Every structure is written in structure tokens, then in C-alpha cells.
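Q: I have a new structure to read and do not know where to begin. Could we go through its features in turn?

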Amino acid sequence: MARVLTPRAEDFPRWYQDLIAKAKLADNGPVRGTMVIRPAGYAIWERMQAEMDDRIKAAGAENAYFPLFIPESYLKREAEHVEGFSPELAVVTHGGGKQLAEPVVVRPTSETVIGEFMAKWIDSYRDLPLLLNQWANVVRWELRPRIFLRTSEFLWQEGHTAHATREDARAYARKILHEAYEDLMVNVLGIPVVVGLKTARERFAGATATYTCEGMMGDGKALQLGTSHELGQNFAKAFDISYSSAEGGREHAWTTSWGTSTRMLGGLIMCHGDDNGLRVPPRLAPVQAYVMVVKDGDGVAEAAAKLRDALRDAGVRVALDDRTDTPFGRRAVDAELRGYPVRVEVGPRDLAAGNAVVVRRTDGSKAPTPVADVVGAVLAALEADQQALHDHALAFRQSRTVDVATLAEAIEAAATGWARVPWAAVGVEGEAKANGQGVTVRCLLRADGSVPDTEDEPDLTAILARAY
């Protein structure tokens, strides 16, 4: 296995690219910056999507779909928004062989077009809150693409809501942040995230507050895995999203937006992957148990099929590999690369002794197990290894995070991990200086670790790091 992938410690970016290619997760698309997500990668995304969709619906939002093309004038109506996105926009000027009367933008995000229809659909306070979510692709022209992390086109969900009060909008933005995003990332993806407030310099164009989930990757850098935004009344005023209040007056709504994307797949790879390939947390894994026929004959294929059926009956997502015309070693390497949490290897010798071999991807352990006990052993391994991956990632983050007192110390610490430093020791000027050296303020936290409302609160802590 040693040279199937470039070792992480030798060249982390090359390891990342190797893993994506060798595990057959994705490939580069024909247009620079685009990607083709292969079935193995898309199966993981579908699981992320299903888990996220359940959480979004539990928070009360409903799915809808809005157009891919947005009139350029819509973006110009929200000046901060178009200024924030203008370098990334893909603009269509011709259609049907003719120049368009008005150029249209391929959506970089949908605040503007959804705002237009919210204004149409909302009339009374009784129509609020309006809670919408969309699963879609978006385009942001990327100068330095990297599969899953930064591509010109990517898949995501984007939520957009309108509320009667600022307090209700803030509460909902935070509900999504914690109950959908943080819960999924910690309890399903096994990625321990730091949840905090973005600085004014880092927040979403047109927002009044941006909240973020930040994960540490295997090289000590940070990755923004999801954000939730308070938009104040900025978009509501630009698109006249207003309602008749209970008192009879006309008021502008308060809106939010929030999104997570296929970037989570990149985060999963870089957080949990090792020199043998991907390690997929069991709760997320499309295939939790991979039953493998080592060598056919002596009733092995039949025994393997029975184990597959028993695991499926126990609620395990299971697949059977009985391709004995392909060398077992090669198949085992592929299973390691794809990160199946548990392999159950069934061969003539072990079966003659009444056993199968249970192999755990997380720690590489191999245990001969009586066939009758395999289902129980697999279920126990799945539960234990879900926690083990999270705990390993948390221990790594803690080992690479240091408390410092000055900006200079924070910039130095960011060479190998994260720095916690008093926000007062950084400030707006210090943040600009750090940015000039490739270091960003990932988020701000209160002393108790909770999420502040504004960056002006006293005694805040800043997390500084290099980031993807």
C-alpha cells in the first residue's frame, strides 16, 4: 500500500489529488475548473444530502427550485452583493444565436432571484416566516481550482428565509447553524468543528452577520465547511420584500441565507483520510460493510451471500464483492482506498474453522470472528469507529491549536495549525496585516466558546489560521 498514494507527510496536496483519482471519487471536467463526480464520490454526496435535507426540513424549511439564469439587473439592485461577486460571475450575453437584450448571470447564489419572488409571495405578517431551501448547482469562476474545494461549478444547498423581526431572523440563522450544520458535521461526518462569527472583512457580501463552521484538515489548515448569514433588511429593501404588520403598517422583512456544498466532501477526505486512502465515518458511509469472497469454492460464495443478507437484515448498508477473477489483494487495496468502514473477508481456510475475518478500516485491525458472531461484531465496530474518527480528529486539532497573546505569535503559529488569540490584540488593522501573510481570522468566539452577536463584544477570542 505504501506507494499507492503519495504519503500525506511528504506532499499533502499531491496525496489529496492521488486519493481522489485512485479511489475514483471524481475527475476534472472538460472546462477548466469543473469536475465530474464519479459514482463512488456521488454516493457519499447523496448520503450527505439526505442527512442534511432531513435536518433542514426538521427546522421547518421547504424545498423549492429557482432558475439557473438571473437577470444582471437583479444583482445590480443589491450593490454590495454584485461588488462581492463580480470577479466570479459567469455572464451569458448570447442565446439562440442572438445577442441578449440584457445579459444574464449564471447563478453564483440565489438571494436576488429568490428575493424577487419573496416580494411577490409575501403580503401579510401571516405569510411569515417564509422558509425555503434549494438543492442546486452554482457557478463562481474559480482562478485556482481544486476538486471539491474550489471549482467553478459545484453542488450545494442554499436556504433563504424571510422573517417579521430581526430577532426571529437571527434565531433561525443560528438554528440552522447548530441544529443542521454543526449537528451533521460532528455527529455524521465526524468532523469536530469550531462554530463562530466571521469578522466584517470575512463575512458574506451584503450580510450583516456571517456565522461559520470551521474544521481543521490533516495538514493543520482550516476549511470553512458551512455558513449561515443574517442579511438584515438589505435584500428586503433592494427587492421590496415587505408585509402588512398586525398593526396595519407596512414593514420590510428580515432575511437570512445559509449554505453547504460539495466542499464538505473535500473536508471529509482531508480530515479523515490516511496514507491508505479515505476513511468514511460509518453513519455517513454508503457502504458500511463490504463482504469479500477471498477465494471461491468450498461453499465460500454461499456463506458470503448469507452474511451479506444477515447484515442487511440488521440494518447495515452492505455490498458483496465476489469477483474472484480479480486478485484479492487488488480488491482489498481498492476497498481501503474507498474507506469502507468494515470489511468481512470470507475464505476457504477461515470458513473451514467456522470463521470470517472482520477488518476495521479505522485502525486496520483484523479479527477472525465466528460466522454466527459477525453481525454483532460489525455493528459494534461501526458504532465504535464513528466515535473513534471524531475523537482522533479532535485530538489532532487540539494538538495543533495554541493559545498566544500577540498577532505576531498567532501568524507564526498558523504555519503549522491554529492560533487562539484575543481579538483585541488583532483588530481590523492586525487582520489586514495577517491577510498579507496568507493568514485569516477564521472566526470569533466568546470566552465560553459560544457564538457572539457582533465583533464589538468585549473579551472575544479570534481563531487565526491558513485556510483553503
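A: Take the empty spaces to begin with, and keep in mind that this is a predicted model. By class, the lining of the second largest cavity has 4 nonpolar, 2 polar and 3 charged residues.

Q: Which residues line the second largest cavity?

A: The lining of the second largest cavity consists of Arg-279, Val-280, Pro-282, Gly-339, Pro-341, Arg-361, Thr-362, Asp-385 and Leu-389. About 30 Å³ of space lies in this second largest cavity.

Q: How is empty space found, and how many cavities of 30 Å³ or more does the structure hold?

A: A probe the size of a water molecule is rolled over the atoms, which shows where empty space is left. The structure holds 2 cavities of 30 Å³ or more. The largest cavity has about 70 Å³ of space.

Q: Which element gives the most to the lining of the largest cavity?

A: Helix α5 gives the most, with 4 residues. At least two residues each are supplied by α5 (111-121), β8 (153-163) and β14 (254-261). The residues that line the largest cavity include Glu-111, Ile-114, His-160, Leu-231, Phe-235 and Thr-255. By class, this lining divides into 5 nonpolar, 5 polar and 1 charged.

Q: What can be said of the largest pocket, and how much space lies in it?

A: A pocket is an open set of points, whereas a probe in a cavity cannot get out. About 1500 Å³ of space lies in the largest pocket. Of the 45 residues in its lining, Glu-88, Arg-140, Arg-150, Gln-224 and Arg-263 are the closest to its centre. The lining of the largest pocket divides into 15 nonpolar, 15 polar and 15 charged residues.

Q: Why is the largest pocket said to lie between domain 1 and domain 3?

A: The lining is what decides this. Domain 1 (12-272) and domain 3 (401-465) both give residues to the lining of the largest pocket, so the pocket lies between them. Among the elements that each supply at least two residues of this lining are α4 (79-85), β11 (222-230) and β22 (440-445).

Q: How do I read a sheet, and in what order do the strands of the open sheet with β4 come?

A: Strands of a sheet pair through backbone hydrogen bonds, either parallel or antiparallel. Here 3 strands form an open sheet in the order β4-β6-β5, and the pairing is antiparallel. The edge strands, β4 (69-71) and β5 (90-95), each pair on one side only. Direction ignored, neighbouring strands of this sheet are turned by 50 degrees against each other on average.

Q: How many bridges join β5 to β6?

A: Strand β5 is joined to β6 (residues 98-106) by 5 bridges. One bridge pairs Gly-95 with Lys-98 in β6.

Q: Which strands form a hairpin with 5 residues between them?

A: The hairpin is made by β18 and β19, and Gly-364 in the turn has a positive phi of about 75 degrees. β18 (residues 355-360) and β19 (residues 366-370) run antiparallel and are joined by 5 bridges. Val-359 has Lys-366 in β19 as its bridge partner.

Q: Last, a single residue: is Leu-19 buried or exposed?

A: A residue counts as buried under 20% relative accessible area. Leu-19 has a relative accessible area of 0%, so Leu-19 is buried. Leu-19 is found in helix α1 (residues 12-22). From C-alpha to C-alpha, Leu-19 and Val-375 are 30 Å apart in space, and they are 356 residues apart in sequence.

Key
Residues numbered from 1 in each chain as written. Predicted model: local features only at pLDDT ≥ 70, side-chain atom pairs only at ≥ 80, totals over all residues. Heavy atoms only, no water. 1 Å grid on protein atoms, 1.4 Å probe; cavity = no way out; pocket = protein on both sides within 12 Å on 5 of 7 lines; lining within 4 Å. Points joined across faces, edges and corners; volume = space filled by probe spheres on them. Nonpolar A, V, L, I, M, F, W, Y, C, P; charged D, E, K, R; others polar. Pairing = 2+ DSSP bridges. Axes fitted to C-alpha atoms, helices over the stretch in contact; angles between N-to-C directions. Domains from an automatic or database assignment. Buried < 20%, exposed > 50% of the residue type's maximum accessible area, 1.4 Å probe, protein only.
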